[in-house]
There are 2 protein chains.
Amino acid sequence: MNKLVTEVLQGSVRAMARLITLVENEDPCSLEYLGAIYPHTGNAHVLGITGSPGTGKSTLTDRITTALRRRAQSVGIIAVDPSSPFTGGALLGDRIRMQRASGDSEVFIRSMATRGNLGGLARTTADVVKIMDAFGKDWIIVETVGVGQDEVDIVRTADTTIVVLAPGLGDTIQSMKAGVMEIADLYAVNKADRSGAEALLTEVKLRVEQDAEIKKTLWQAPVLKTVALDDQGTESLLDAVVSHRNFLKQSGNFEIVRREKAREETLSLLKEEISRTMVEKILGNGRFEALIDDIVAFRKDPYTSVQEIVGTIFPDSE
Amino acid sequence: MNKLVTEVLQGSVRAMARLITLVENEDPCSLEYLGAIYPHTGNAHVLGITGSPGTGKSTLTDRITTALRRRAQSVGIIAVDPSSPFTGGALLGDRIRMQRASGDSEVFIRSMATRGNLGGLARTTADVVKIMDAFGKDWIIVETVGVGQDEVDIVRTADTTIVVLAPGLGDTIQSMKAGVMEIADLYAVNKADRSGAEALLTEVKLRVEQDAEIKKTLWQAPVLKTVALDDQGTESLLDAVVSHRNFLKQSGNFEIVRREKAREETLSLLKEEISRTMVEKILGNGRFEALIDDIVAFRKDPYTSVQEIVGTIFPDSE
């Protein structure tokens, strides 16, 4: 087996960091390394934490991490920032997280920002989860910094997902679209000492009950109050996360969820690899540039041309 | 030719709206329709407008639209909102835009929100641009509501792009990452009557000058002040946009930009179609589900398996 992979499996933090970098940079060897690591995965519980900016997600992640450490669990944190090219969010986040990390060698923190396409970011997150898992982390927290559909996709990597809400941010019933309801296994109403917290709590609980009734789900997402700044409610929240994990395992849903995740990840990996190989082949010969010349000159149109190319690859597909 | 396509080319607004819906819904016929429409495109000038939330992009888009109408130009607006599943942004935006639209039948406005993946949204935007172009709109404005790397990708559809900034939002030199500098053909410092506007103007100008010097660009992005709320600076901004268009045409850059766009769009269409066909074929037989079973049971790993599948499609690729 490759030396780097062996070192990761033996618990070298430096090797883990290097392997993550290779994966992030889409190093040609990374698929082979990930393949070698895969059989050693599946032990960590993956906790997703997401929500609007300003809800206090990072502070809450910090508190949960400390609570997990009190329970003698090792923790890996992936802070994903599909952030704006207009704001310095990622930089600022890194600085804050580096402070947090400095105290505890059992907590490994990795920030990831947008690089290339967003589909890629979700996949890279899944790969980094596997690396931390194989390294031996008991818990892996995927924290999304920012907001958007992208986060929903990224958080699908998790076994248990906390959606963090806070009063005064417009996180009302109307704003909670279907995607959020689908991914939330727990809700944390953070900043619960602020005005509007009770109303938000009632509102979300009602919505969750309605949703559970319609969908006849076995698990009804608990809605818990936290004040992350004062470390209030963290233990109860973590207890609820553990309850969800136990529910997954006892109900048999764990296998279903993990299979669905494996399916999604394999499919997206397959799409990416096919695209990559295809593009290499097409850009390798001059035919593609000739086609673009024809398209620009309106001698051909892109839509019919693409269908023709696909038809030559999969001759029986039409 | 297809009846719907004929009606679009004859200027039926209803047909245009229907065709856009077909494209958005990824109707199986949409590629054929887009192919039929393609020869009738290439006449409209595509103006991208992007920037952080709170800069007043929508108001500025509104003012520019009115200014274009004063110049007897017909306008199509595509308001793209890769918005949060956590906020009601898209809804609110729709309401505002519907008010704007109500006055002028020569202005066609279409909102598009995230559906599926974001790469798809950029491509759909490009397709809708083509439909409005073939319909006969002189100008097509692609306005992104929100913020993120996605917007940068979407705005690449444009011939000319305005990046809107405003004082007091943290839009400083540090926050202007490379991606933004690359897409900006013009900067509008909006809300220029507020404090901090002059400092922001000076800062951005300096940055643009440095950038132009390093890259030896022929076009140095003008930085203009606007107060969209009071319709101040709109005509000058539009004059600058027209100057950029003239620059593109006179310098020969227009052909280069359009070729690059055609290349990008064709490539992304090709990737998508190959993925789609591939997935259909793979999901069509039971082998993929059997593979997932093997992966979940750790008998196989996804990374090696995917490489094997790709190897069977492109036997000579390794």
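**Close-up 1. E26(A), a partly exposed residue of this predicted model.** Count the C-beta atoms around E26(A) and you get 14 others within 10 Å, so the residue falls in the partly exposed class, short of the 20 or more that would make it buried. Its place in chain A is the loop that runs between α2 (13-24) and α3 (30-37). The backbone is worth a look here too: E26(A) isn't a glycine, yet its phi is positive, at about 50°.

**Close-up 2. K216(A), a non-glycine residue with a positive phi.** The phi in question is about 50°. K216(A) sits in the chain A loop between α9 (197-215) and β7 (223-225). Is this residue buried or exposed? K216(A) counts as exposed, because it has 6 C-beta neighbours inside 10 Å, and the exposed class takes in residues with 12 or fewer.

**Close-up 3. The buried side of helix α12 in chain B.** Helix α12(B) covers residues 287-296, and its buried residues are L291(B), I292(B) and I295(B). These residues lie on the same side of α12(B), because the arc they cover around the axis is only 100°. Some helix geometry helps here: an α-helix has 3.6 residues a turn, so residues three or four places apart point the same way.

**Close-up 4. What the buried residues of α12(B) pack against, and what comes just after the helix.** Which helices do these buried residues meet? They pack against α11 (253-284) of chain A, together with α13 (302-313) of chain B. Just after α12(B) comes F298(B), with a positive phi of about 60°.

Conventions. Residues are numbered from 1 along each chain as its sequence is written. Chains are lettered from A and ligands numbered from 1 in the order in which they are written. This is a predicted model: local features need pLDDT of at least 70, side-chain atom pairs count only at pLDDT 80 or more; totals for chains, interfaces and linings use all residues. Helices (H or I, at least four residues) and strands (E, at least two) are DSSP runs, numbered from the N terminus. The arc is that of the directions from the helix axis to the C-beta atoms. Two residues are in contact if their C-beta atoms, placed from the backbone, lie within 7 Å.
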